[in-house]
Structure formats: structure tokens, C-alpha cells
Amino acid sequence: MNIFEEYIKKITDLISKNKQSLNLDNLNNFKGVVVESPPAEFNFDLSCNVGLLLGKINKINPIELSNRIKDLIIKELKDFEKVEIAGPGFLNLKLTKRSLILNINQILKNKESFGKKISNNSYNIEFVSANPTGPMHVGHCRGAIYGDVLANLLKFNGNKVVKEYYINDYGNQIKNFAKSVFLRIREIKYNEKFIPKEDLYPGEYIIDIGKKIIESNKNEKFDSFDETLQLLKTESLRHSMNLIKSDLKELGIEHDYFFSETDLIEKKLVDKAINQLKKNNYVQEGFLEPPKGETDKNWKKTKKLIFKSTLFGDDTDRAMKKSDGTWTYFANDVGYHMDKISRNYKYLINVLGADHTGYTKRITAAVNALSDNKVKLDCKVCQLVKLYKNGKPFKMSKRAGDFISAKDLLKEVNKDSIRFMMLNRSNDVEIDFDFDKVLEKSKDNPVFYVQYSFARISSIFRTLKKDINEKINLDLENFFLNENETKLLRKVFEWPKIVEIASNKYEPHKIPYYLYELATLFHSYWSKGNKNENFKFIEDGKIKKEETLAIIILVTVVIQRGMEILGVSLPDRM
RNA sequence: GCGCCCUUAGCUCAGUUGGAUAGAGCAUCGGUUUUCUAAACCGAGGGUCGUAGGUUCGAAUCCUUCAGGGCGCGCCA
């Protein structure tokens, strides 16, 4: 149920039927024609640009054409009590009481599904995929929450969504991780001091992991690193994945599927993918140009196995095998994406951190090559979370072990505020995350503002001893909305469109912005009652007019749906 | 050198996929509470939408130039 779509259809159908009398040769399938909310100062419910667009392609003065359409609408459609031309040729439309009531009742009848745009596709969203060498830090939270809310949004619209996590449990970094744990174990057991070195992980959590491994392997002496490597790897991985999963859980996030890189190698999925690419000669022996960044004196031009990703829009071809014969990280990822493709998703989404920007083209190229351009992969890059502490920028680095973990953050700030804050910005821009400010539990936090509007509404229901499912009977004769109620209703009408755009463009940040605006309108209405008794909703324990209750219920419906999507709670008292 | 992202009010950012007089929050200044919850509301000031061109009825939005900031540019992961 989307009021804008409803009236686009009515208006364009009408124009199609009267194409000749309107003197229109070309309707161009009404491309670009929209119905939307006009700016508030015009005081209309809807506005339509059809006259502007059709005037242009039919060489008719847009105002003249709009006037003809206006006459037609007045004559044929009974939905509007007022139609006007404004500005360069917009049609502004005001709904009759009857249409307003119809639309309100429509939403009240379908509270749970209001705003859904059913699309029934299958999506795979890969997000977080933090290296399993330690707990999550603040920077990971952003992509985690973005991915989770995007999944909620797509599910809300009826799509099947799998939330996936790729565990990079293969390769050198895991070996270094295991080595760090080994050295910490030696430190604990034999008092050999741990000396931080470049490739080692210095973080304190390594000690905890070491202790746990000692505990569960009492007979092991840990004399030789090589001999205990396998044990250390699996145990350390298990512990650090548990750390990550518990962090995610505290943020309200649960993945559906964990995919292990080691599994990938063992099941030879990479070979399979590469062989398929070889069939089309997308993968061949060849030479690469020297890297363009800092000049590397050790670089030599050698023959190697390369993927011709430039055929699919990448900037340069990519190596698939290292000189020791093992696959590159990228080759593994190609294998992984082959597996995703074989699981029959229509859309793949990878949520990445800003430091992986340069990676998006090659993996998108690989998916196109593997699926013959049938599967669409979108890489969404979340820009940096810039951390400030004591006014100074805080550099986050796992290697340095000097990072603020998600757990540290969660200790101080509740998950609702973190989720709302991380989403209250487009993923394309950096977030300044002032740690001290967040610790202050600042009143300025927009999440409180939205929650508070709901708490106020809840208090109305309490006073009235009613709830959101109260049966509403709107009487056509006496139907009247005051200015505030009209504004709120028009805002409510926009909700389906916000959901649609947010999910089509993968821009969940539109939801918190919208909810904030809706809350503003409600707070404004509420406060009028403080100045003027006439604007109070309730008199002698009863609602003054049924319309007010209807509007309040609509606002509640939207706030609830919105906060469900965001994964933020809605206390009914604050 | 190349790629991606950003540049809008003093600060932090929105801007409905080309529309109407460019909007919020914070900060500043001034007001509102015998209350259905003041964690709120109302008002004021504040703009050459980085620059220079182009596309058209119409540009913050699309194309090109240049400038500034961020991230990245391996047989690492």
C-alpha cells in the first residue's frame, strides 16, 4: 500500500485513456513521472510532475498541458477536493475527506505490513568477516550494523536473506596468531617473557586465549611450536570466533551462515572455480605490469597465473598463484564467490571496510566472469569510523593491540544508541565517533528523541486505557484534521516510499532520518497542548476526537516498523 | 601516477535517484512547564551548495576541468 503509487496509476491511466484529446503523441511510458509530497508550505497532499515531463517531450508548454490534465482530473476523478498548478507546472492535489479516510483505514487494516514492498528475491549479504585473530573493534561495528539492518530491510520486503560471515582461517596471519598464543603460553607456563615483534599479536586477549588452551590441554607441554601448531590453530580460532560472536550478539546481530576459508581449500573449490575461468580463457599464464604505488625494488617480471579481470572492468589483471604454488587470497575469494553463486542467490552484497575499496572491482569482475553476468554482486563500502579520545584522533590497529574493542564500547553505551548512531549517516561518509561524548550518554542522541516520542504516545494509550489495536470509526460527516494532524498524516504516507528507496539503494540511513522527522512532528504537536488546552488530546480521560487517535496509531505503527528494522528497542516508559 | 569516497550554515550532516523559496541537529541569542512525560517545544541570526565551464524549461543533483581532504593501489590478508 503506497499512496503515491496508487495515484500515479490513477493519473497515468486517465491520461492514457485521453491521450488524443490531450494532444499527446508520445507518453514515453510515463518515464520519470512521480507522485510525491509537495513542500509543506503548499498545503497539498500530493504533487505530480506529469505535465512537466510530457510537456517537454511533446513540445507543449508544461503549464498549459498541466491545466488540461487538471481539468480532466477534476472531471473524471472523485478523489480530490482541490487541484492546482504551481511553479513550473506541478499538479498539486488535495484529497477529499472520503479519500483520506479510505487511506487511513487501509493502513489501520494492515498495520504489520504497512510500507512493505514485496519483491521476493533471494539475497546473500556477507558482512563483518573480521579476521578471526581477535575481538571486534569499534570500526567493525559499523559494517556489522549496516549489514544487519540492510538484511532486516530486505526481509521486511519479503525477500529471502542469508547473512553470511567469511572466516579467514587460512594462511600466514593465522600462523602468526597461533605463534603469538604459543609464546604467551610459554610465558605463562615457563616464564619466558613475551617480546612483541612485527608479525605477532600483542593484545591482552591472547593471554586469555592461552590460559584457556592450557586449561583444556593439561597434558600438553607446548615444547615445540611446529608440533602443537594444529592444536593451537583450531583452539585459538575457536576462542577468538567465540569472542567475535559474543560481541555481535551483544550488538543484536546473528549470522545465518559461517563459511571457512580452510574448508574452501580442502574441498578444492578454488581449483573448481579457476578451472571454470580457464575454460573461457579468463585465467591464463601471463605477465603483470609492476605495481603503481611505492616502487618495490624486489619486483621482477615473471610468468604467473593471472585472471584477466580487466575484461570485466578492473584496473589491472590479478595474480592467482603465489610463487610457492599456493593460491593468493584473491583466488580463494574467487572460489568462495563461486560457492555463493552455486547457492542460487539473485543478489550478492558484500559489506566492506574503507580499506578494501581497491578490492571491489576485482571481486565484482570475478562474479561477473563466473556467473556469465547473471549474478549481481554489489560491494558496499562503509567509510572509516574516526575515533576521537581526549580530543585527539585515535588510530585503530589490530597489530598494535591498541584499539578500542566493541566490548569496551558496549560496556559504556547501550546497543540501541550504538546501532542508531552508526546508521545515522550514509555509508559513504566518515563518522566522527567521539568516544568521550558517547560515554557522556549525551541528551543529544537522536535515538532518545525517537524513543521518547513513542514513550509519550504510550502514556496516551495508558491514560485512555486503550492500545494500538483499538477499533477506529471515522465519521465522514464530521471528519476533521487540524494542521498538526495533517502534517503527521502526510509524513506517514511517505513511509512506504522511504522503505522502498532505502532498500533499493541499500541506504538504511534513510530510516533513522525519517523517524527523526516523524518524531519532530509528533513532539511539536504534543507541545502545543502545553500552551493551549485546546490542543490536548484527552479530556476527562477520553480522546477528544477519533481522528486524533487514528493519527496517533498510524504514527505508532510507523515508529514500530522502523525501529524493528533498525533493531532498536522501544521502551513504553522513559 | 591510477582507482574509489568526500567537499552544502561557525561545527556535524540530510537533501525523495533533474524540480517549487536548499533543510535538520549542535553551537549562539531570546522565549515556553499549576503537564496527556520539558530527555520536549517556539522564535531569531547564519548559504556564491569547493572552483570553472557544459547539457535544458529547470542543476546541490548529470558530463568535463581544476583545487582540497580521506582510503587504497602486492605473489599480504
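**Chain A and RNA strand B: how the labels are earned**

User: What makes the pair formed by His509 and a phosphate oxygen of RNA strand B a polar contact?

Analyst: In this predicted model, a polar side-chain atom of His509 lies 3.3 Å from a phosphate oxygen of RNA strand B. A polar contact is a pair of N or O atoms within 3.5 Å, so this pair counts.

User: What about Lys510 and Asp428?

Analyst: Lys510 brings a polar side-chain atom 2.7 Å from a phosphate oxygen of RNA strand B. With Asp428 it's a polar backbone atom, 2.6 Å from a sugar or linking oxygen of the strand.

User: How do you know which residues are near RNA strand B?

Analyst: A residue is near the strand if one of its heavy atoms lies within 4 Å of it. There are 71 residues around RNA strand B, and Phe90, Ser323, Tyr449, Tyr452 and Ser459 are the closest.

User: Which helix gives the most to that surface?

Analyst: That's helix 16, with nine residues; it spans 446–464. A helix here is a DSSP run of H or I with at least four residues, numbered from the N terminus.

User: What makes a residue of chain A count as buried?

Analyst: Its relative accessible area has to be under 20% (1.4 Å probe, protein chains only). Of the 574 residues in chain A, 52% count as buried.

User: What ground rules apply here?

Analyst: Local features need pLDDT of at least 70, and side-chain atom pairs count only at pLDDT 80 or more. Residues are numbered from 1 along each chain, and side-chain values use heavy atoms, without hydrogens and water.

Conventions:
Chains are lettered from A and ligands numbered from 1 in the order in which they are written. Buried means under 20% relative accessible area, exposed over 50%, partly exposed in between (1.4 Å probe, protein chains only). A polar contact is a pair of N or O atoms within 3.5 Å; within protein, one must be able to donate a hydrogen and the other to accept it, and residues adjacent in sequence count only if both atoms are side-chain atoms. Helices (H or I, at least four residues) and strands (E, at least two) are DSSP runs, numbered from the N terminus.
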